Every structure is written in C-alpha cells, then in structure tokens.
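Biologist: I am new to this structure. Please pick one part, look at it closely, and tell me how its pieces fit together.

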Amino acid sequence: MRVIAGDARGTRLAALPGEDVTRPTVDRVKEAMFSSLQFLLPGAQVLDLFAGSGQLGIEALSRGAARCVFVDENRAAARIVEQNCRAAGVQGRSRIVNGSAERFLAGAAEGFDIILMDPPYRKGTLQQLLPRVAEITRPGGTVLCESEKGASLPEECGGLKMKKQHRYGTVLVTRYEKEREE
C-alpha cells in the first residue's frame, strides 16, 4: 500500500496484519475516489472516519488538503496512522483521535469539506452515522462512503444528496454532496 499522488507520492504505508481491524482500500478504488475529488482537495478540511491505516486521509493531505482528522477506535490502528503520517511528512496537518466514530461525531463542533468513510461492512454503520455526518458536512461539502456492493443507502439524508455510486468488484463507493448555501 502506498500514496498514489501528490507531495507524498510513492510513500509506503503500513497496515495492521489481517483484515480483522483494517481493510485497506485497493489502489484502483482509491484512485477513482480521489480523481472525483481532485478539484475539491486544495485547502480542504478532511475527516477520515474509520481511518484504519490512514491511507485515505494521507492521500487527501498529499494532494493538497489543508488538514485531516483521523478517527479510529482501535489503539493499534491509531498508532499505525500516526506512523504513516510521519512517514508521509503530513503529521503537522494531522490530528489523530483514538475513539469511536459515534463518540467523535457526537462531540464534533467543527465542519468538514470532505468526509471519507470506510466502516466495517455489513453492520449498517453508514446508514446509522449519515445523519450526524450530514450535520458536520459544510455547505458544498462531499462525503465518500465505501461499502459492500449490496449496501442499501438512502438517496437523501440530512441535507446530503446521493450523486453517484460506482461499483468496483465487491466494493461500492457512494458520493453524497451537501448543497451550497445561497
């Protein structure tokens, strides 16, 4: 696993062994996700929920995001995220939170331009968290959700509107956008 583009391009990233805790996003899915975000990333405030190795947030920082908050409830995963941020040279623009996504969202007061969500599959987590995620998505913001291809996600949720879904083998990537304020 590596950073695909930007300032940290080619940096190898560590991950916890097995897929019990983390399931790294494959390069072709990651490339498609970030191609769709390329013009939104410069200067963006990013949230990487269920960070795992931190590869999605680090990719965003490498491509010009101003700051990223990484959230993972597994202590070992949070340490891997910290190690990977140092390796990629993005630790100064990173904040790592070792805690549950639910707890983080319940206390979050700041807004985000881009939210990346890759929770454990088949647990209904996306459906459960989308209403609170909508509350902290800034107007004009984008939420990318990675799930299993059969996931049933709402068309709209708290101001977020589903714009696109793409299937990559067994992976479904869903893009939500929040309308800009007039």
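Modeller: Strand 1 and strand 2 pair in the parallel sense, over 5 bridges. Two strands pair if DSSP finds at least two bridges between them. Strands (E, at least two residues) and helices (H or I, at least four) are DSSP runs, numbered from the N terminus. One bridge here links Gln-45 with Arg-67, its partner in strand 2. This is a predicted model, where local features need pLDDT of at least 70 and side-chain atom pairs pLDDT 80 or more, while totals for chains, interfaces and linings use all residues. Residues count from 1 along each chain as its sequence is written, and side-chain values use heavy atoms, without hydrogens or water.

Now the whole sheet. It is open, with 8 strands in the order 3-2-1-4-5-8-7-6. Its pairing is mixed. Strand 3 and strand 6 (156-157) are at the edges. Each of these two has a single partner strand, so one of its sides has no neighbour in the sheet.

Move along the order to strand 8, which spans residues 171-178. This strand is mostly covered, with 7 of its 8 residues buried. Buried means under 20% relative accessible area, exposed over 50%, and partly exposed in between (1.4 Å probe, protein chains only). Strand 5 (residues 137-148) is joined to strand 8 by 7 bridges, and the two run antiparallel. In that pairing, Val-143 faces Tyr-176 of strand 8. Strand 7 (residues 160-168) is joined to strand 8 by 8 bridges, again antiparallel. There, Tyr-168 has Val-171 of strand 8 opposite it. Strand 7 and strand 8 form a hairpin with 2 residues between the strands. In that hairpin, Gly-169 has a positive phi near 65°.

Which residues does Glu-148 touch? Glu-148 belongs to strand 5. Leaving out residues up to four places away in sequence, Glu-148 touches Tyr-121, Arg-122, Thr-170 and Leu-172. Contact means heavy atoms within 4.5 Å. With a relative accessible area of 15%, Glu-148 is buried.

Helices cross the sheet too. Helix 5 (residues 125-136) lies across strand 1, strand 4, strand 5, strand 6, strand 7 and strand 8. This helix runs at about 165° to strand 5. Helix 3 lies across strand 2 and strand 3, at about 170° to strand 3. Axes are lines fitted to C-alpha atoms, for helices over the stretch in contact, and angles run from 0 to 180 degrees between N-to-C directions.

Look inside helix 5 at Thr-125. Thr-125 is buried, at 10% relative accessible area. Residues up to four places away aside, its contacts are Phe-50, Pro-119 and Pro-120. Phe-50 sits in the loop between strand 1 and helix 2. Its phi is positive, near 60°, although Phe-50 is not a glycine.

That loop leads us to helix 2. Is helix 2 enclosed or open to the outside? All 8 of its 8 residues are buried, so helix 2 is largely enclosed by the rest of the structure. The buried set is Gln-55, Leu-56, Gly-57, Ile-58, Glu-59, Ala-60, Leu-61 and Ser-62. What do these residues pack against? Their partners are helix 1, strand 1 (45-49), strand 2 (67-72), helix 3 (75-88), strand 3 (94-98) and strand 4 (112-117). After helix 2 comes Gly-64, with a positive phi near 115°.

Take the helix 1 partner next. Helix 1 covers residues 27-37 and helix 2 covers residues 55-62. Their axes come within 11 Å and cross at roughly 45°. On the helix 1 side, Lys-30, Met-33 and Phe-34 make the contact. On the helix 2 side, they meet Gln-55, Leu-56, Glu-59 and Ala-60.

Helix 1 also holds Val-29. Val-29 is buried, at 1% relative accessibility. Neighbours within four places in sequence aside, Val-29 is in contact with Tyr-168, Val-171 and Val-173. That brings us back to the hairpin: Tyr-168 and Val-171 are the residues that stand opposite each other there. Val-29 and Arg-167 are 138 residues apart along the chain, yet their C-alpha atoms are separated by 9.1 Å.
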